[in-house]
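User: I am new to this structure and would like a close look at a single part of it. Please take one sheet and explain how its strands are arranged and what surrounds one of them.

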Amino acid sequence: HKGDVHLKEAIALQLFGGWRRTDDTGAFHRGSIHMLWVGDPGTGKTGLMEAAEELAPRSAMTDGTGSSEAGLTASMTKDDFGDGDEWTIAAGTIVRASGGLAVVDEIDKGDVSDLDALHTALESQQVLVSKAGRHARLDANTSLLAAGNPTGGHFDPTAPFVEQIELKSPLLSRFDLIFTVREKVDEELVADVSRHMVDSRSAAGKKALGLELTAAEQATVDGGHDPATIRRWIAYAREHCQPIPTEAAKDRMVEFYTDLKITLPERYSGAEGDDYDGPPLPVTARKQMALFRLAEASARIRLSEEITVADVERVIPKIERSLADIGIAPDAAALGETSADLDLSEIGV
């Protein structure tokens with residue numbers, strides 16, 4: 001998959017995740033990182049999601065086309081066996097992927113009312129099932145990677161982001177990162193991606209026929225790393241690494257969030273000359289916690305027990321890019337991919 005470096009880095013952070021805990025006051029702090037992609041058809045979202053599902057030590061994948069509320073969370077049905085008074089719980093995608101990654105493609109194709117059931121599951125990491133006086137509480141320590149298309153099929157560059165997605169704001173606020181994935185319009189980039197696709201399919205064909213591949217052709221079909229090794233790396237980090245931030249790292253997180261809230265009117269990319277009416281989606285303290293979780297994930301990738309300022313600086317561009325994609329202008333210095341210059345028109349700023 002050529003390009004989209006920020007999406008690949010975000011997937012890595014999501015797979016390692018933060019770590020959840022409950023403090024002495026009973027306050028719950030989730031560790032799972034949730035991410036939403038909204039993009040034009042044919043931009044490669046599904047391929048990346050399938051790769052993420054393959055790399056996750058534990059995962060479940062579905063699509064919104066046929067997923068009901070029960071299919072996403074859980075349901076309780078009466079058992080036909082015995083005296084008919086037994087009940088069976090059918091775990092949905094979020095519960096089946098507990099401890100790992102749930103992937104929901106085409107989330108926009110599902111019934112919006114069914115998605116309301118995800119609110120509690122995403123934040124509290126539990127699914128509550130109640131029927132005929134029976135109650136069950138299921139663990140859903142799950143990260144959600146969801147993707148869908150804008151309401152018009154393709155993005156309208158003249159319309160605000162929130163007008164092109166049917167998901168409700170409370171559900172959107174549960175996502176730590178929201179990215180738009182748009183068609184590439186730069187001629188050089190389009191040609192580069194096209195060449196990569198043609199070379200990859202050609203090399204795969206030669207390999208299937210047992211023909212000898214050149215070094216360049218072999219590189220297009222090799223994953224670069226053994227998926228089994230990556231799964232073991234992720235599983236080890238999630239089991240053994242509970243990183244704590246240094247004082248300097250905590251100061252940097254506070255500084256970033258304070259600056260974001262105080263300068264928000266200047267960062268909002270509304271129409272020039274309009275009165276400021278707030279960002280298209282509210283930026284709350286959940287964004288501070290999202291930054292913390294992402295920094296924890298960065299430290300876990302290094303198998304470190306300490307979150308450093310470098311970890312915080314590594315994930316701030318992901319937060320900035322996500323804000324830019326929903327229409328909140330970021331600082332120019334914080335934007336960009338790590339391997340290529342960023343075209344601001346690509347993200348609607």
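Analyst: What follows looks at one sheet and then at a residue in one of its strands. The model is predicted, and the description should be read with that in mind. The sheet is an open one, built from 5 strands in the order β4-β7-β10-β3-β11, with parallel pairing. At its edges stand β4 (59-63) and β11 (177-181), and because each of them has a single partner strand, one side of each is left without a neighbour in the sheet. On average, neighbouring strands of this sheet are turned by 15 degrees against each other, if direction is ignored.

Turning to one pair, strand β3, which covers residues 35-39, runs parallel to β11 and is joined to β11 by 5 bridges. Within this pairing, Met35 is placed opposite Leu177 of β11. The residue Leu36 has contacts that lie well beyond its own stretch of sequence: once neighbours within four places are set aside, Leu36 touches Ile107, Ala146, Ala147, Ile165, Leu167, Leu172, Phe175, Leu177, Ile178 and Phe179.

Leu36 also belongs to the largest nonpolar core, which has 76 residues, and together with Trp37 and Leu144 it touches the most other members of that core. The element that gives the most to this core is helix α13, spanning residues 285-301, which supplies 7 residues.

Notes
Residues numbered from 1 in each chain as written. Predicted model: local features only at pLDDT ≥ 70, side-chain atom pairs only at ≥ 80, totals over all residues. Heavy atoms only, no water. Core = buried A, V, L, I, M, F, W, Y, C linked by side-chain atoms within 4.5 Å. Buried < 20%, exposed > 50% of the residue type's maximum accessible area, 1.4 Å probe, protein only. Helix = DSSP H or I, 4+ residues; strand = E, 2+ residues; numbered from the N terminus. Contact = heavy atoms within 4.5 Å. Pairing = 2+ DSSP bridges. Axes fitted to C-alpha atoms, helices over the stretch in contact; angles between N-to-C directions.
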